[in-house]
Amino acid sequence: MTLDVTSLTIDIGGSRVVDDLSFSVADGERLGLIGESGSGKSLSILALIGLAPDEATITGSVVLDGTEILGLPERALARIRGSRIGSVFQDPLTSLNPLHTIGRQIAEPFRLHDKLGKGDARARAVEAAREVGLPDPEHVVDLFPHQLSGGQRQRVGIAIAIARRPTLLLADEPTTALDVTTQAEILELFRRLTDEHGMSLVFVTHDLAVLAQITSEVVVLSHGRAVERGAVSRILASPVDPVTQGLVRAARETTWSAS
Ligand SMILES: Nc1ncnc2c1ncn2[C@@H]1O[C@H](COP(=O)(O)OP(=O)(O)OP(=O)(O)O)[C@@H](O)[C@H]1O
């Protein structure tokens, strides 16, 4: 899998919110997109998979495995989202259906795309629940989202995202709503799953301390522009741009307060 984003530019409501953003993700690479609130991280991620709001005007290029996918018809994008690119968002409570069991929601991609029958889909859901470390998978698939903890719900979100073995996983602040211990467990899960399945990862966060645990390369966004990029280790040791310096300071404070 390779992803090449070139000169991605997004205008919305008369203002430019993402400006000439370029980055690439190689096979199996984990890349971080970091920036303060409103810097354009979420819109960039949504634009990649055709989920930016209708009122957004998007230009540039998004090439997945040699094929331009920016501007593809919704049907084609939905197919890509259901197979080659998985996504995990901040708050699984808003993305999970409160009226459907966990198992039904994990099984949905299998039923929809692979046309599996009920029994087979349930078996796959149990297997997926086990893979993401949900406790008592045979039982958990019959529970509803409100019966799980925040960390467990995020595991469900991850199970759904990776169900059909995408080659690229997009994660937008997936640990922000979680306490520090649960956050570390979920980051470990991302690391294990991406390693085991050779998945590439684009991980969005405002917290450099989180990125340092999961990605090796980072792009720093400020007001929609990439102001710095490089290896996490280099960025932590010698940030150049004042925005990056601020993120490093904040990360040091988080690390101190957590220890
Ligand atoms: N639907 C929308 N209509 C108008 N402006 C929007 C819309 N969605 C986002 N924006 C604006 O675009 C800019 C970038 O938003 P985006 O959500 O991508 O930022 P972000 O870096 O992900 O921030 P956060 O960390 O707070 O989620 C912000 O100024 C935001 O107000």
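**Figure 1. The whole protein, with its 11 helices and 10 strands.** The radius of gyration of this predicted model is 18 Å, close to the 18 Å that the globule rule gives for 259 residues, so the protein is as compact as a globular protein of that length. Along its principal axes, the C-alpha trace spans about 55 × 50 × 35 Å. Buried residues make up 41% of the 259 residues, and, among contacts with a separation of 6 or more, 65% are accounted for by residues that stand 24 or more positions apart in the chain.

**Figure 2. Helix α7 and what covers it.** Helix α7 runs over residues 150–162, and its 13 residues reach 19 Å from the first C-alpha to the last, which is close to the 18 Å expected at 1.5 Å a residue. The helix is mostly covered, since 12 of its 13 residues are buried; among them are Gly-151, Arg-153, Arg-155, Val-156, Ile-158 and Ile-162. The cover over the buried residues of α7 includes two strands, β6 (85–88) and β7 (168–172), together with helices α3 (92–95), α4 (102–113), α5 (118–131) and α8 (180–197).

**Figure 3. Strands β6 and β7, paired in the parallel sense.** The pairing of β6 with β7 extends over 4 bridges, and in one of these Ser-87 has Leu-170 of β7 as its bridge partner. Both faces of β6 are covered, with Ile-85 and Ser-87 buried on one side and Gly-86 and Val-88 buried on the other. Both strands are also included in what covers the buried residues of α7, the helix of the previous view.

**Figure 4. An open sheet of 4 strands with antiparallel pairing.** Read across the sheet, the order of the strands is β2-β1-β4-β5. The edge strands are β2 (15–25) and β5 (67–68), each of which pairs on one side only. Strand β1, residues 3–12, pairs with β2 in the antiparallel sense over 7 bridges, and Leu-8 stands opposite Leu-21 in β2.

**Figure 5. The shell of residues around the ligand.** The ligand is surrounded by 13 residues, of which the closest are Val-17, Ser-37, Lys-41, Ser-42 and Leu-43. Helix α1, made of residues 41–48, gives the most to this shell, with 3 residues. By side-chain class, the residues of the shell divide into 4 nonpolar, 8 polar and 1 charged.

Definitions and conventions:
Residues numbered from 1 in each chain as written. Predicted model: local features only at pLDDT ≥ 70, side-chain atom pairs only at ≥ 80, totals over all residues. Expected span 1.5 Å × (residues − 1). Buried ≥ 20, exposed ≤ 12 C-beta atoms within 10 Å, placed from the backbone. Contact = placed C-beta atoms within 7 Å. Pairing = 2+ DSSP bridges. Rg over C-alpha atoms; globule rule 2.2 N^0.38 Å. Near = placed C-beta within 6 Å. Nonpolar A, V, L, I, M, F, W, Y, C, P; charged D, E, K, R; others polar.
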